[in-house]
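Me: Please take a close look at one part of this model. I would like the open sheet in chain C, and then the side of that chain that touches chain A.

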Amino acid sequence: MPALATVGGAAGAAGSARRRRPLSRRRHAWVFLAPSAVILAVFVFVPLVSSFVLSGLAIDVFMNDVSFAGLDNFRRLVGDQRVWGATLNTLYFAALAVPAQMVLALAMASMVSRNNRWCRLLRSVYYIPFVCSMTAISIVWSILLDPNMGALSYLTRQLGLGAIGFLKDPALAMPTVVAITTWKGFGYIVTLLSAAILNVPASLDEAAQLDGAGPIRRFVQITVPVIWPTIVFCVVTTTIVSLQVFDQVYIMTKGGPHGSTETLVAYIYNRGFQTAPYDLGYASSIAVYLFAIIAVITFVLRRFVLRRGEDEV
Amino acid sequence: MGGRKTITPGGVVAIVISALVMLAVLAPLLWLFVSSFKSDKEVIAYPPTLLPQDWTLDQFEAVNHSLPIAKMFRNSLIFAGGVTVISLLLDSMAGYAFARLDFKHKKLWFAVVLLTMMVPFQILMTPLYIEEHYMGLLDTFVGLILPRATSAYGIYMMRSFFVRLPVSLEESGRLDGLSEFGIFRRIMLPQCLPALVALGVFHFMNNWNDLLYPLMLTSSTEMRTFSAGLAMLVGNKVIKFGPTLAATLISILPVLVLYMFGQRYFREGIASTGMKE
Amino acid sequence: MSHIARISAIIATAAMTTSLAACGDGADPGGSKTEGGDGPVSLSLWTVFTGSDGDILREIVDKYNDSNDKGITINLDIMPNDQLQQKLPAAISTGTAPDFVLFGVEFLPTYVASGSLEDISDFWDKTGVDPDNYLERVVQLAQVDGKQYGTPMQYNLQYLYWNKDLFEAAGLDPDKPPATLDELADYAVKLTDPDKNQFGLALPVDASAYPQFFWANGGDIDDPATNTNLLDSPENLATLEWAADLAVNKKVTPQAVTGSEADTMLQNGQLAMLMSGPWQINGLRSQGVDFGVGPIPGGSAGAFSPEGGCAYMIPKGADSAKRDATYDFMAYWLSDEIMKEWSVRNGFPVFSKSAAELPEVTGDEVLKSISAATTIGRDYNLGYPLAAQIDKDAIWPLWEAVLTGSTQPAEALKSASEALDSILAQG
């Protein structure tokens, strides 16, 4: 991102925000952190560590007949074709869904981040799909996209294009799931970006305007650098969420056709809770494996890809 | 961004594109809206009809007949509302600490917080169920709300907003003799009002729509949320689309209203920024 | 309760907190309170009956709550099957399970294998309900190794549904469904009309009823008694080639259709024939479809259909008062009055000999045909813990590959057989 390297003043404000402060003020931090820390530790960290422990056990959901399995579950994982397939499907989904949502959201945010009635209306409308449950949205789209009964295929038929089995064709199914995910999620990112953009001091933009910079250039050179932490947040969290994609696949395709949309979480759910014998130990080991994938990708994103100057993102 | 001035060609393109995107977003939702007023026969008719031939409230009556809507709404409201209010406070406090305060191993702790987002929650449900059993929290609102009362997502989000604010703001508060918490509450937090609203809607809708989590942690119909009701309508073997669509529509409305309401605060948040600059 | 100790050990290791371990030794079943012999008893029941049959079930339970003279109240909790199957094991391990549960008998063996269900073989003696009054196969569905683990709630096979209007439009006799697989194929072609987007016969890619095609031609899938793989046979290859011809060449089925899509198409008149369970009947009735229902067509070896059903079961750890109260409701369900009501309103076959004689039952056209078609039941891996894996990991992918034409039948059969080998190796 060469254009971003040339950023001036605005970013400096964020960069200098964190400097060494006197020791006496450090204990304040713990007051701010304590409630969250306790809750996360008890209700998230304990189950999380439990699932790590479970991955080393031979154990089903009934938790009878527990025995120590060592690395058996992980050895099985390496030889499991479906884990490989699900890994590729998951990465494919994230590789499509994250850029699709970010690019669309940035483009739209650049157009609707003004404080007038029309822009507020647009932002509200874009946001609507996001507040609907994924279950509901998936049901709506699977009816609309059905090649035999759906309104969309009726339309394409009338136009002489024939019916397209969006969720039936192994090559089309995943891109279709991505498109629906994007449709549902981009409006939320628009809102976040807008909230950040609207906080950009107008003086910065006006100065650039006086210099004769066009709207696109101003957006890239002034706005983007100032809202960079928000962009990074959106990219990182969208990536983490995308790598755990489940609901839409679970309802719309059940992992099919021919396993082309079976993601890692879908496979974890299948092994652990849907298909007897419910192998909680093995499912947990796949979850640990997914955890490692997400952690590495997040680390790389934050450390190398999204890093700008000295800022820790 | 520039103010409202003469409309440029670029501005026209922007308006056209953003309006087209709006249509693409709305079309399926309008279909949902219209279809929930169709009869059983018409919902699945082929060729599909655009508008209902006879507008009917049958589907809503069917939903009303099958589900204790009022009770489920109340439960959803307590659960999702409780989580939203508490987590907004806790998330922004923790996010503030990570963004603007110093403490030992800050980067490490932040990484630890992020790690909690990386395990699919489906796999955490069974341990959480057992844990809540031992703590005696199963089937209580406390047991539903507490585990969600803060989240790595919210902390991270608030941090990303706090981190952008100029140091001058903070220092002016310090000169006024405000305490660290006073600076947070009176100066820094109002700056992030739009973010708070967005996060609030996020938490609310996430919990409002969640199925597995409230279903696992409650054991009586008295405690069931609306999303569980929606799942009850979708048949075990044969899906009945009419009531499902109607219930979907009902479930969306409260979150939508909340968002429309929240929109006003975006403006106010921005207005306050304007004064400070 | 030793497994409780084990779980707390796991949690404790994980948590490394002493507080959790300290309260982990209490073995009291949190959900159920011990109640006196004759006082009011409140029972919790978890079930998977969502949708319209769930409404009927709730009405019957309400009626029972109002009418029984023993002060028994049943609190019905309905949730989707996937969520119930995820929650129940955790609930059983922590002693917070409901007093009884109701779901498909195909899930029963896993629970029995882990020792999670009560042996209720004394149900018949204690309640005086005569087991001989019910079809033997139905009573056996909820048995494992001769022990009774559940009482039957409903029983079903697969049936052939056909749309009478579409039959007439195609010049076929609407009261004469195909009796053989050859006729079925023949009719399916005649009933397919691409211009109207109408299909003759749906062959869903995710249906679990495919053993009936193998069986009809003398093939089979596996023998659970000996863990033997019977899949890769010439009979099965012929069956698959027949199906591929129908789906891929003659295109009588909607491409890659799923079971629930096929249901909808049968209801809106885009589909002429479908093989499915009795749960179709309510939907077809409410959509006003003029339909017929009859037995699955047979092949060279005869006609067979895989059995299914639901049963009431009691999770481990119930006290005797609760158990007696549950027995009372189970017996109530098996009474002629309720059996009749459930069957008439839902279209499920009557499996009680005395209820079958009732005039409301003998006078009901749909019930009469469905009961007549319920004599060709065959056990498909019921009570076999590997059943679900065999279906999901070997048989469904096989049929999906064959029906969509992505793989040639011979090749698909070979790889499915290999998949089956590795599943059976666990047994």
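Reply: Here is the sheet, followed by the contact side. The model is predicted.

Start with the strand order. Four strands of chain C make up an open sheet, arranged E8-E11-E7-E12. Their pairing is mixed. Strand E8 (199–201) and strand E12 (291–294) of chain C are at the edges. Each has a single partner strand, so one side of each has no neighbour in the sheet. From one strand to the next, the twist averages 20°.

Now go to the E8 edge. The partner here is strand E11 of chain C, residues 271–276. E8(C) and E11(C) pair in the parallel sense, over two bridges. Take Leu201(C) as an example: its bridge partner in E11(C) is Met273(C).

A helix belongs to this picture too. Helix H9 of chain C, residues 181–190, lies across E8 and E11 of chain C. Relative to E8(C), H9(C) runs at about 170°.

Next, the side that touches chain A. Here 35 residues of chain C are in contact with 26 residues of chain A. On the chain C side, the elements giving two or more residues are helix H1 (2–15), helix H4 (81–93), helix H12 (259–267) and helix H19 (387–404). H1(C) provides the largest share, with eight residues. Sorted by class, this side of chain C has 17 polar, 12 nonpolar and six charged residues.

Terms used:
Residues are numbered from 1 along each chain as its sequence is written. Chains are lettered from A and ligands numbered from 1 in the order in which they are written. This is a predicted model: local features need pLDDT of at least 70, side-chain atom pairs count only at pLDDT 80 or more; totals for chains, interfaces and linings use all residues. Two strands pair if DSSP finds at least two bridges between them. Axes are lines fitted to C-alpha atoms, for helices over the stretch in contact, and angles run from 0 to 180 degrees between N-to-C directions. Two residues are in contact if their C-beta atoms, placed from the backbone, lie within 7 Å. Ala, Val, Leu, Ile, Met, Phe, Trp, Tyr, Cys and Pro count as nonpolar, Asp, Glu, Lys and Arg as charged, and the others, Gly among them, as polar.
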